[in-house]
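Biologist: I should like to request a close look at one part of this model, namely its cysteines. Please set them in their wider surroundings as well.

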Amino acid sequence: MAVETQAVKRPIQFVAPVAGASGAFAGVFVGAANGSVLLGLLLGFGILATIAVVLLEVLDPGLEKTAKWVLFAAMAAAGFLLGGLPGLVVGGLFGWFFGWFIYWLGMGRYRVPLPPYLTAGQVLWHYGFRVICGSIFVFLITPILVVMPLSFNAQDFFTFTPEMLRFDPAGYSLKHYRDFFTSSEWQQALRNSLIIAPLATVLSVSFGTLAAIGLSGEHVPFRRAIMAILISPMIVPLIISAAGMYFFYSRIGLQGTLLGVVLAHAALGIPFVIITVTATLVGFDRSLTRAAANMGADPVTTFFRVQMPLILPGVISGGLFAFITSFDEVVVVIFVGSARQQTLPWQMFTGLREQISPTILAVATILVIISIALLTTVELLRRRSEKMRGLSPG
Amino acid sequence: MTDTTQETSGPMLAADGTPLKRSLAKALRAQKLRALALIAPLLLFVLITFIAPIADMLFRSVDDSQQGTVHGTMPLTAEALKDWDSSTGELPDNAVFDAVYTDIFVAAENKLHTRVGSRLNYERTGSSSLFRKTGRGLDDIGEVYQDQFEDLDPDWDEGTPWAELMGSPDWLTSMQGWEDGQPLPPFELRDGVADLLPRTAAIYRVFADFQIEEEEKSLLDEEPWSIVHTRLYEDLRDGDFSTYAGPRADMVKAADALVDTAEFETIALKDGFEAIDEDWLDIGLWQTIKAYSTSYTAGYFLNAVDMQKTPEGVALRDENQRIYGLLFKRTMFMSMVITFSCIMLAYPVAYLLANLPMRTANLLMILVLLPFWTSLLVRTSAWKVMLQQQGVINDVLVWIGIVGDDARLVMINNQLGTIIAMTHILLPFMILPMYSVMSTIPPYYVRAAKSLGATNWTSFWRVYFPQSVPGIGAGSILVFILAIGYYITPEIVGGNTGTFISNRIAYHISSSLNWGLAAALGSILLAAVLILYWAYDRIVGIDNVKLGG
């Protein structure tokens with residue numbers, strides 16, 4: 001049985017100053033927003049240290065839940081007095097956090113998940129490291145999250161208006177979405193994207209799957225060289241592919257045509273299909289095809305009835321990669337396409353360069369939702385394929 | 001079984017009686033062929049849609065024989081300049097001026113002279129306007145003769161007399177029967193006229209073909225170009241026409257007589273060119289034209305590394321014209337900064353993900369994969385929204401009072417903006433390879449180190465870190481390759497100082513139309529990427545690229 005670390009109540013001489021310090025940290029921001037940093041710092045320290053003493057020393061430990069609720073309500077009310085509705089939200093969050101933090105710290109609960117022999121420094125590092133990682137995750141995800149509320153902005157601004165911060169319904173509207181769905185330019189771009197991406201995907205998936213099956217054989221001459229050529233569209237910088245395709249496609253009359261864009265996008269999507277399908281084929285049991293052949297199935301039947309169902313998850317996620325590659329691609333389409341092939345990302349790019357309208361943010365939100373859907377699908381497929389190949393339990 | 005093999009002692013046989021070895025080889029060959037047959041369609045597809053364009057770009061970076069180059073549009077000049085020694089410091093002789101006269105005149109009629117001008121302008125500033133001016137001014141030379149011939153006989157300025165003089169009778173008949181809408185009969189020279197008026201016939205033939213093929217006009221209605229008159233003068237000056245008895249003999253003889261009189265005004269070609277622009281007497285111009293008159297050139301590559309051809313050989317450009325070296329250096333430097341910041345941010349995250357329980361790690365992984373799957377344009381626009389001066393970050397900083405409203409931070413349209421946005425965009429490409437390496441590092445080495453008395457730091461630095469280096473290497477090369485070729489993000493958040501070499505390539509393709517230079521810059525970038533790709537293949541193996549965990 002593993003050694004369990006017990007939660008041991010910490011001395012108040014340790015808890016009060018730490019809680020005070022966190023309060024001072026928060027106080028700096030509250031103070032700055034209200035005019036005086038120094039006052040905020042001192043008050044924050046004092047208030048939080050006092051609260052810690054009251055909660056841990058004066059109150060009965062059985063009252064923990066009530067105390068947390070009272071703190072939450074009090075902080076929210078204080079926030080409302082200081083800064084209206086946004087203050088209410090921030091205050092409430094502060095109250096919830098400090099209530100949890102003081103008990104977590106004071107009752108020594110932070111020690112529970114850790115081995116009992118760790119020194120104080122190691123414990124500090126353990127949590128400090130998690131805070132660092134947390135802020136990196138915040139860095140990763142914030143830009144995507146910020147776009148969403150901004151797309152409901154009633155003004156043509158790229159930032160939060162005071163009305164939005166006051167949660168005034170007048171500050172929010174769906175007008176950018178309406179713009180998107182009524183503007184002929186955006187609709188044309190959407191249509192183009194929805195034509196080009198599936199066509200390119202079909203091309204790269206059908207060629208790519210066949211080639212991946214060929215490549216997964218045991219005796220393939222020049223395997224490395226062929227692989228290098230097939231993967232190269234992913235490695236060569238897009239601007240170079242775009243330049244080369246622009247020169248070459250204008251020579252053979254494909255520049256500015258839908259076919260040209262589809263072919264170019266199919267070429268860009270192929271590496272993703274090859275990589276995912278060959279990865280799936282690594283776990284494919286070749287004796288199954290031999291068994292099928294043994295029982296009289298011709299190669300085509302074997303492929304569609306035996307091999308295809310088993311590698312389907314890999315093929316689909318390869319296809320999704322190819323789809324998103326084409327759907328997101330902008331550099332090549334700018335050069336290979338003409339105004340009639342303007343796609344969604346191209347329209348966004350033009351909009352961003354010329355700063356026309358925040359409709360871009362509405363489009364961005366829609367695209368984020370699409371990518372969440374695609375991500376979920378790919379993850380589910382990956383798990384399913386791993387389960388089928390017995391690589392992971394779960 | 002053993003009995004039979006011992007008895008026959010020959011080669012082992014397959015069921016159908018062929019030796020087993022041969023039968024195996026046959027099966028193997030069939031297998032190889034089947035594999036190749038499956039791969040072939042895709043390989044062909046990629047070769048045509050992707051490899052051929054890249055090859056075309058490489059070719060373009062040295063090709064100087066297209067229309068609009070000296071070799072392609074001024075062939076006579078290119079030929080004539082071969083005999084001129086550019087190092088003597090003497091101007092080329094009259095034959096060269098003669099060739100330039102014809103070339104630019106014809107090019108101007110085809111509206112190609114400005115393209116030659118722009119082509120030479122890449123190497124010598126001022127060429128563009130010089131050629132435009134010359135294209136307009138060359139008529140001044142021919143008109144000296146044209147006016148005098150016209151004064152003598154207005155027929156010299158009419159289409160029909162010229163057509164009768166130069167064209168063959170058959171052609172003339174079908175030309176006279178021509179009606180609007182029909183295809184024009186192709187021009188044929190009259191027998192003997194090429195001997196009688198060699199230069200005139202040559203230039204008239206070019207004029208006739210141009211009228212018929214490009215303009216689709218009847219030669220009977222079109223007066224010839226002024227250069228035809230210049231050539232006529234030269235032929236009349238040199239030839240003897242006393243015995244000529246063909247069409248329009250009177251006209252020709254009268255003109256011959258006029259040319260021989262003392263009053264007949266002439267103009268030397270060199271003087272004519274000088275009158276248009278004194279630059280034509282500048283030896284440097286001729287040196288440039290000669291240097292770029294070959295069909296293949298290293299000029300674009302030299303230009304791409306801030307060098308140029310001079311009579312003394314290859315040399316660096318003037319200080320104020322060197323931009324590509326700076327751009328390449330900046331691209332490298334910024335890509336390195338981005339790669340480094342990605343390492344710094346990705347390492348803790350990958351470590352955490354690799355050491356958390358599976359369920360939590362999978363959940364946190366979503367936070368990494370969501371940006372990875374989100375459209376590049378969405379992330380770039382998000383950073384534009386965040387970073388601009390009236391943007392979210394500045395607003396928050398002002399709201400909590402860290403920055404004054406009048407001292408908002410400038411974080412966009414400079415290098416900082418590009419670095420922040422691209423670090424964010426490329427971070428998942430660093431985290432994923434690092435994670436896949438770190439999750440294979442067994443935890444007991446670190447435990448062993450600690451139980452042997454190593455401190456936390458030592459056990460990390462001497463035991464864990466070396467095992468995670470392959471992940472750092474894989475991620476770094478991937479991020480670096482992606483970073484040096486980036487175009488969209490620097491274009492939107494980079495401003496002037498935060499742009500990469502790719503932005504310059506795009507500029508040369510779509511704005512300045514200097515495709516050769518764009519191709520040369522692209523080729524250099526491609527070479528850099530391919531070296532890195534090769535290194536990546538050696539270190540990681542291209543088959544091991546993982547997508548999304």
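How many disulfides are there over all chains?

Modeller: The model shown here is predicted, and over all chains the count of disulfides comes to zero. Two cysteines illustrate this result. Cys133(A) takes part in no disulfide, and the nearest cysteine sulfur, which belongs to Cys342(B), is 15 Å away. A disulfide requires two cysteine sulfur atoms within 2.5 Å, so a pair 15 Å apart does not qualify. Seen from the other chain, Cys342(B) is likewise in no disulfide, and the nearest cysteine sulfur to Cys342(B) is that of Cys133(A), 15 Å away.

The surroundings of these two residues can be described by their accessibility. Cys133(A) has a relative accessibility of 1% and counts as buried, because the cut-off for a buried residue is under 20%. Cys342(B) is also buried, with a relative accessible area of 0%.

The position of Cys342(B) may be placed against a database record. In an unreviewed UniProt entry, the annotation "transmembrane region" covers several stretches of chain B, including residues 332-354, 416-435 and 513-536. Two of these stretches can be compared with the model itself. Residues 416-435 of chain B are 100% helix and 0% strand, with end C-alpha atoms 27 Å apart. For residues 513-536 of chain B, the figures are 92% helix and 0% strand, and the end C-alpha atoms lie 34 Å apart.

Turning to chain A, one finds a division into domain 1, residues 12-117, and domain 2, residues 183-356. The C-alpha centres of these two domains of chain A are 54 Å apart.

Two further residues of chain A complete the picture. Glu64(A) belongs to helix α3, which spans residues 64-106 of chain A. With a relative accessible area of 16%, Glu64(A) is buried, since this value falls under the 20% cut-off. Leaving aside residues up to four places away in sequence, Glu64(A) touches Tyr103(A) and Arg109(A).

Thr365(A) lies in helix α15, residues 359-388 of chain A, and is buried, with a relative accessible area of 5%. Apart from residues up to four places away in sequence, Thr365(A) is in contact with Val147(A), Met148(A), Ser151(A) and Tyr177(A). The pair Thr365(A) and Tyr177(A) shows how the fold joins distant parts of the sequence: 188 residues separate them along the chain, while their C-alpha atoms are 9.7 Å apart in space.

Technical notes
Residues numbered from 1 in each chain as written. Chains lettered and ligands numbered in written order. Predicted model: local features only at pLDDT ≥ 70, side-chain atom pairs only at ≥ 80, totals over all residues. Heavy atoms only, no water. Helix = DSSP H or I, 4+ residues; strand = E, 2+ residues; numbered from the N terminus. Buried < 20%, exposed > 50% of the residue type's maximum accessible area, 1.4 Å probe, protein only. Contact = heavy atoms within 4.5 Å. Domains from an automatic or database assignment. UniProt positions renumbered as here; feature names shortened; annotations may be inferred.
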